[in-house]
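Work through the exercises below with the sequence and the structure open. Try each task before reading its solution.

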Amino acid sequence: MQVVAGGWMFFTPEEAALVEVLVDRLIPPDPATPGGKEAGVAVFIDRQLAGPYGSATALYMRPPFADGLPNQGPQSPLTPASRCRQALAALDRHTSDAFAGRIFRQIPETEQIAVIQRMESGSLMLNGSNGRAFFEMLLQHTKEGFFADPIYGGNRGMAAWRMIGFPGAHYDYRDWVGRHNERYPKPPVGLSGSAT
Amino acid sequence: MARALPATDVVIVGLGWTGSILAQELTQAGQRVVALERGAWRNTATDFPTTFAQDELRYHIRHSLFLKPAQETLTFRNNASQTALPIRTWGSFMPPNGVGGGGVHWNGQTWRFNPTDFRLRSHLTERYGAAALPDDMTIQDWDVSYDELEPHYDRFEYLCGTAGLAGNIAGKIQPGGNPFEGPRARGYPTPAMQQPFAPTLFAAAARESGYHPFPQPSGNMSQAYTNPLGVKLGPCTYCGFCEWFGCGNYSKASPQTTILPVLTRHPNFTARTQCEVTRINTDSTGKRATGVTYIDAAGEEWEQPAEMVLLCAFQIFNVRLLLLSGIGTPYDPVANTGVIGRNYSYQTTSGVDAFFADKNFNPFVASGAVGMLIDDFNGDNFDHAGLGFVGGGFMGAAQTGGRPILGTLTPPGTPAWGAAWKQAVAENYQSSYSFSTHGSSCSYRGNHLDLDPTYTDPHVRKLLRMNFDLHPNELKMSAFLTDRLGEIVQKMGPRQLVKHPRTGPYSVTPYQTTHLCGGAVMGADPRTSALNRYLQSWDVPNLFVMGATAFPQNAGYNPTGTVGALAYWAADAIKSRYLKSPGPLVPA
């Protein structure tokens with residue numbers, strides 16, 4: 001059986017289509033393991049941004065806000081959901097300007113990779129500020145979605161865990177502590193209990 | 001206006017390890033005890049059962065068990081030339097919240113400090129001369145000795161069922177244990193945990209190098225255990241979800257698994273949860289605490305009068321409450337006077353990542369405190385002459401989990417994303433390993449805690465401000481420890497090895513450790529310590545302050561064992577002396 005998430009909770013269809021391309025560039029499919037899109041990473045990010053994480057309910061959001069030094073930690077007055085939404089729009093605006101009206105998902109894959117590399121290096125400006133902050137947030141969300149338990153929408157079929165050999169929420173390894181240099185043979189198990 | 005509640009004998013602020021220990025000891029002694037905890041009550045069965053405890057996203061990434069910065073955070077700057085800004089999301093450390101406190105989500109690494117750690121300034125001055133210590137280094141003696149604390153370490157370890165192999169019983173060195181440890185009266189309550197592959201290899205390489213590997217002392221059970229209170233713990237299943245997580249298996253020592261089942265049956269014990277203490281009240285002389293004021297979940301303000309106040313919150317929050325309550329003289333780093341906020345210290349951690357061609361480590365077969373370590377470079381176990389630093393730390397292979405969101409290593413030069421990243425993660429997950437050092441942190445004049453002039457909490461009370469940076473002594477020490485660790489790991493035959501010594505400036509972003517220490521330290525002199533040797537306030541004798549808040553500086557060990565021992569030491573003094581004759585236990 002497969003559980004399929006129905007509909008987007010946070011992203012507009014346009015945003016979702018863009019994020020699905022981005023997560024597939026960050027984690028591309030290969031013959032052995034699906035990429036970010038097929039693994040459900042965009043669904044994961046959508047659900048995270050729609051929830052308490054996206055609205056920063058746990059964070060200290062009192063003013064005044066100042067940029068500060070990198071070692072003083074993030075100081076954005078925006079919630080993760082707002083930061084993501086604004087950056088996605090800015091990314092499409094950027095490619096539209098640079099590629100004759102074509103938004104990010106309409107440019108060739110090699111160009112998409114080059115744009116992401118420029119975000120990573122900090123040379124691409126989004127909304128007048130360095131694109132690296134958005135790149136870091138996007139990459140972190142993507143890896144979270146790829147490797148988190150499938151109950152959150154990503155890591156579909158525990159594909160990421162199979163890729164590395166992580167058995168997931170396995171309860172008891174007592175028989176395996178002393179079995180040195182031997183690969184653990186059982187398939188992964190998720191919190192929902194499914195081992196398929 | 002706060003409404004007054006009926007008076008009680010003892011009010012405890014914070015129901016974590018020290019609050020639970022003191023509450024148990026004092027209710028047992030006939031005292032009426034009220035504990036106020038700002039977080040929720042937490043039970044193993046309902047809050048972190050094995051059915052959903054193993055969730056890296058929920059607990060590690062989204063910080064489900066911790067205090068929310070929205071409720072209280074602190075501001076940070078390296079030094080007085082910078083403007084402190086609030087820590088808006090946790091990074092370098094993770095303040096606990098809720099019943100059980102940090103005892104719920106710790107790894108269970110249960111150490112004793114070295115005998116020389118307790119008289120650090122005297123010892124180092126005797127061995128190396130006063131000139132060996134930088135002028136702005138404010139390390140000092142604890143005014144309590146290892147021998148005095150030994151029975152209390154023993155009590156905490158037997159409460160927890162600590163698994164380990166003794167290295168020194170009554171002065172006799174024991175094979176396979178840590179030969180550098182202080183003498184213990186008897187062995188650990190349970191045998192050491194079983195060791196996975198990497199720690200076993202590390203121990204062989206360390207032995208070959210002439211060092212003395214031993215199993216890490218563990219608060220996770222190697223076998224079923226019934227503690228002296230009659231509470232039972234079950235054997236650890238090595239599921240690899242300890243630190244950041246609650247143990248659903250009753251296998252990790254915590255207030256929930258060792259004390260609370262007994263404490264909650266005392267008719268003279270009351271716990272009030274979701275009650276945040278905002279102030280310790282004093283009478284008109286300022287020399288006597290009359291109780292505390294707190295705000296409950298509905299926003300109502302209450303006053304709880306008490307004969308005695310025990311401050312048992314997390315380290316930084318103890319210091320903040322003292323400052324907000326006007327108890328003791330705030331530290332002034334320029335004049336080097338005052339005591340509240342003085343001698344804040346941390347822990348200097350570092351690591352070595354190694355990539356192997358022919359190994360399969362099964363990193364997920366893990367526990368919070370399973371590993372093989374050496375103590376040859378901790379404290380003053382080695383000669384520091386000519387090294388240009390003091391202090392040290394333990395190092396080795398500790399296997400705490402293979403959780404994949406944060407637990408995948410790739411060799412240097414690997415891109416952070418894309419096909420090459422994906423392939424490198426798949427290839428290296430099982431065959432790479434992070435080794436670690438766990439170094440001491442000296443105290444300095446500039447490293448201190450005070451109140452922030454700008455930022456406030458939701459009750460519009462000033463946040464605490466942390467002023468902290470890494471000093472050359474710690475950076476040199478970390479480079480030295482990391483080099484020694486690298487030499488041992490090299491003997492294990494990795495194809496590639498990457499050393500990560502701690503570098504400055506200190507950053508609150510990457511996780512390092514939650515071992516925050518000092519700020520209201522214990523000592524012999526009221527001019528340089530907030531607390532006497534029994535953790536009793538010099539200024540307000542019916543106030544005691546527990547926890548790592550009292551450490552004058554931090555040693556190269558995890559603090560919880562010493563925090564537990566100090567709690568029993570203070571409880572013993574309160575029961576045997578203070579209750580009979582309330583007043584200062586040490587003349588000021």
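**Exercise 1. A single proline**

Task: In which helix is the place of B:P151, and is B:P151 buried, exposed or partly exposed?

Solution. The model is predicted. Start with the secondary structure: B:P151 sits in helix 6 of chain B, which covers residues 146-160. Next, count neighbours. A residue needs 20 or more other C-beta atoms within 10 Å to be buried, and 12 or fewer to be exposed. B:P151 has 13 C-beta neighbours inside 10 Å, and therefore counts as partly exposed. As a last step, take a distance: from C-alpha to C-alpha, B:P151 and B:G19 are 19 Å apart, with their positions 132 residues apart in sequence.

**Exercise 2. The two chains**

Task: Describe chain A by its helices and strands, then do so for chain B.

Solution. Chain A has six helices and two strands. Read along the sequence, these elements give the pattern α-α-α-α-β-β-α-α. The C-alpha trace of chain A spans about 55 × 40 × 35 Å along its principal axes. Of its 196 residues, 42% count as buried.

Chain B has 13 helices and 24 strands. Its C-alpha trace spans about 70 × 55 × 50 Å along the principal axes. Buried residues make up 61% of its 588 residues.

Now look at contacts with a sequence separation of 6 or more. In chain A, 53% of them join residues 24 or more positions apart. In chain B, the share from residues 24 or more positions apart is 75%.

Task: What radius of gyration would a compact globule with 588 residues have, and what does chain B have?

Solution. The expected value for a compact globule of 588 residues is near 25 Å. Chain B has 23 Å, so the value agrees with that expectation.

**Exercise 3. Strand pairing**

Task: Which strands pair with strand 2 of chain B?

Solution. Take one partner at a time. Strand 2 (residues 8-13) of chain B is joined to strand 14 (residues 301-311) of chain B by five bridges, and the two run parallel. Within this pair, B:V13 has B:L311 as its bridge partner. Strand 2 of chain B also pairs with strand 3 (residues 33-37) of chain B, in the parallel sense and over four bridges. Here B:V11 stands opposite B:V34.

Task: How many residues lie between strand 12 and strand 13 of chain B in their hairpin?

Solution. Strand 12 (residues 276-282) and strand 13 (residues 289-295) of chain B run antiparallel and are joined by six bridges. One of the facing pairs is B:V277 opposite B:Y294. The hairpin has six residues between the two strands. In the turn, B:G286 has a positive phi of about 75 degrees.

**Exercise 4. An open sheet and a helix on it**

Task: What is the strand order of the open sheet of six strands in chain B?

Solution. The order is 8-17-18-19-16-22, with antiparallel pairing. The edges are strand 8 (214-215) and strand 22 (496-500) of chain B, each of which pairs on one side only. Inside the sheet, strand 17 (residues 371-374) and strand 18 (residues 393-398) of chain B are joined by four bridges. B:M372 has B:A397 in strand 18 as its bridge partner. Helix 7 of chain B packs on the sheet and touches strand 17, strand 18 and strand 19 (432-439). The direction of helix 7 makes about 25 degrees with that of strand 17.

**Exercise 5. The core**

Task: Which residues have the most contacts inside the largest nonpolar core?

Solution. This core has 217 residues, and B:I12 and B:L310 have the most contacts inside it. Helix 13 (residues 560-578) of chain B gives the largest share, 10 residues. Leaving out residues up to four places away in sequence, B:I12 touches eight listed partners, among them B:G19, B:L22, B:V33, B:L310 and B:C312.

**Exercise 6. Where the chains meet**

Task: How many residues of chain B are in contact with chain A?

Solution. The contact involves 52 residues of chain B and 49 residues of chain A. On the chain B side, the elements that supply at least two residues each include helix 3 (56-61), helix 7 (197-208) and strand 20 (448-456). Helix 11 of chain B supplies the largest share, five residues. By class, this side of chain B has 27 nonpolar, 18 polar and seven charged residues.

Notes. Residues numbered from 1 in each chain as written. Chains lettered and ligands numbered in written order. Predicted model: local features only at pLDDT ≥ 70, side-chain atom pairs only at ≥ 80, totals over all residues. Core = buried A, V, L, I, M, F, W, Y, C linked by C-beta atoms within 7 Å. Contact = placed C-beta atoms within 7 Å. Nonpolar A, V, L, I, M, F, W, Y, C, P; charged D, E, K, R; others polar. Pairing = 2+ DSSP bridges. Axes fitted to C-alpha atoms, helices over the stretch in contact; angles between N-to-C directions. Rg over C-alpha atoms; globule rule 2.2 N^0.38 Å.
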